[in-house]
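Please open the model in a viewer and keep the sequence panel visible. The stops below proceed by selection, each followed by an account of what is found there.

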Amino acid sequence: MTARLPVFPLATVLFPGLVLPLHIFEERYRHLVRDLVGKPEGVPREFGVVAIRSGWEVAPGAGRAAPGGGEVTLHEVGCTAELRQVTELDDGGFDIVTVGRRRFRVAGVDREAAPYLTADVEWLPDPAGPDEAAELLAARVIAVFRQYLGLIRDDPQELSEQLPEDPTVLSHLVAATAVLTLADRQRLLAIDDTAARLRAELRLLNRESALLRQVRAVPVPLSELASPPAPN
C-alpha cells in the first residue's frame with residue numbers, strides 16, 4: 001500500500017527521532033510550508049526528506065548559484081519530517097523545526113502535481129516488540145560509541161550525556177551523530193532490522209576509531225567536500 005507525500009530533497013539523511021531545522025527561502029518550498037500549516041488540526045504535518053543521489057536541487061532564480069548537473073536523482077529510502085515549529089520571516093521565507101518520524105521507500109516521483117516534488121511512498125516496518133539480540137548489541141554500541149566520542153570531542157563533560165537505552169532509538173542517534181559519509185548514513189537508514197543496523201554501526205565505529213587513533217582524522221570523499229547546495 002502506498003501513500004502520496006510531499007518530498008524535500010536534501011544533501012543530508014534524516015533519521016526518526018532526530019531534529020532537523022531548516023531555513024526555507026525557495027518559493028516552491030515556501031508553498032510547501034504554507035500547505036502544511038494549512039492542514040486541519042489533527043492531520044500530520046509531515047513531508048518526506050530524501051537524500052540527493054546526484055544533481056543539484058536548487059531552482060533557477062532561487063537566489064543561489066547552482067552548477068549544472070542534470071536533473072536531480074534521489075535515494076530510494078527517506079524519512080518523514082514532522083513540522084513542529086514555524087517562524088515566518090519578513091522576506092516571506094520561514095525558519096522551521098522538524099523531527100524525523102517514519103521511514104519510507106520511494107515508489108515513484110511526480111514533478112508536475114504540485115510546485116514541489118511529491119512521491120508515492122511505501123512505509124517501511126518498525127521493530128515489533130523487544131529484540132534480545134538488539135538489546136545485547138545496544139550495550140556494545142554504547143561502549144564503543146563513548147570511546148569514539150572521546151576521540152572526536154575535546155570537552156570531557158560532553159561524554160557524560162545520557163544515551164538512549166532503546167536499541168532502535170540508539171541506532172538512529174548513532175547513525176546521525178557519528179562523522180560518517182552520506183553513503184554510510186543512507187545505508188544505515190535503509191536497514192529495516194535494528195540488530196542489523198547496530199552491527200553495521202559497530203563495524204563503522206571501530207573503523208573510524210582506528211583511523212582517528214592513527215591519523216586523528218576521519219576521511220571524507222572529495223565529492224562530499226563539494227556537496228550540492230540543499231534546497232530550502
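Select Asp184 to begin; this residue lies in helix H4 (residues 182-190), helices being DSSP runs of H or I with at least four residues and strands runs of E with at least two, both numbered from the N terminus. The model is a predicted one, in which local features need pLDDT of at least 70 and side-chain atom pairs count only at pLDDT 80 or more, whereas totals for chains, interfaces and linings use all residues. Residues are numbered from 1 along each chain as its sequence is written, and side-chain values use heavy atoms, with hydrogens and water left out.

Asp184 counts as buried because its relative accessible area is 6%; buried means under 20%, exposed over 50%, and partly exposed in between, with a 1.4 Å probe and protein chains only. Display the contacts of Asp184, where contact means heavy atoms within 4.5 Å: apart from neighbours within four places in sequence, Asp184 touches Leu204 and Arg207.

Next, add Arg207 and Glu208 to the selection. Their side chains form a salt bridge, with 2.5 Å from N to O; the term requires a side-chain nitrogen of Lys or Arg within 4 Å of a carboxyl oxygen of Asp or Glu. Shared partners link Asp184, Arg187, Arg207 and Glu208 into one network of salt bridges. Is Glu208 buried or exposed? Glu208 is buried, at 2% relative accessibility, while Arg207 is partly exposed, at 38%. Side chains of opposite charge can pair when their charged atoms come close.

How many salt bridges are there by this rule? The count is 13. Two further pairs may be selected for inspection. In the pair Arg28 and Glu26, the closest N and O atoms are 2.8 Å apart, and both residues are buried. In the pair Glu82 and Arg84, the corresponding distance between the closest N and O atoms is 3.3 Å; Arg84 is exposed, with a relative accessible area of 54%.

Arg28 also leads to helix H1 (residues 27-37), so select that range now; the buried residues of H1 are Arg28, Tyr29, Arg30, Leu32, Val33 and Leu36. The elements that cover them include E1, strand E2 (19-24), strand E3 (46-54), strand E5 (77-88) and strand E6 (94-110).

Proceed to the largest nonpolar core, a set of buried Ala, Val, Leu, Ile, Met, Phe, Trp, Tyr and Cys residues joined through side-chain atoms within 4.5 Å. This core has 50 residues, of which Phe8, Leu22, Ile24, Phe47, Ile96 and Leu205 touch the most other members. Helix H2 (residues 132-152) contributes the largest share, nine residues. Centre the view on Ile96: leaving aside neighbours within four places in sequence, Ile96 contacts Leu20, Pro21, Leu22, Ile24, Val33, Phe47, Leu83, Gln85 and Val86. Another core lies apart from the largest one and has eleven residues, among them Val7, Ile52, Leu74 and Leu117. In soluble globular proteins, nonpolar side chains tend to be buried together.

Now show helix H3 (residues 167-177) together with H5. The two pack at an angle of about 35° with axes 10 Å apart; axes are lines fitted to C-alpha atoms, for helices over the stretch in contact, and angles run from 0 to 180 degrees between N-to-C directions. On the H3 side the contact involves Pro167, Thr168, Leu170, Ser171, His172, Val174 and Ala175, and on the H5 side Thr194, Arg197, Leu198, Glu201 and Leu205.

Remaining on helix H5 (residues 194-215), select Leu212. Leu212 is buried, at 5% relative accessibility. Leu212 and Tyr148 are separated by 64 residues in sequence, yet their C-alpha atoms are 8.7 Å apart.

For the last residue, select Arg4 in strand E1 (residues 2-10). Arg4 is partly exposed, at 46% relative accessibility. Beyond its neighbours within four places in sequence, Arg4 is in contact with Asp110, Ala113, Thr118, Ala119 and Asp120. Ala107 stands 103 residues from Arg4 in sequence, with a C-alpha to C-alpha distance of 9.8 Å.

Finally, return to the whole chain, which has six helices and seven strands. Of its 232 residues, 44% count as buried. Among contacts with a separation of 6 or more, 69% are between residues 24 or more positions apart.
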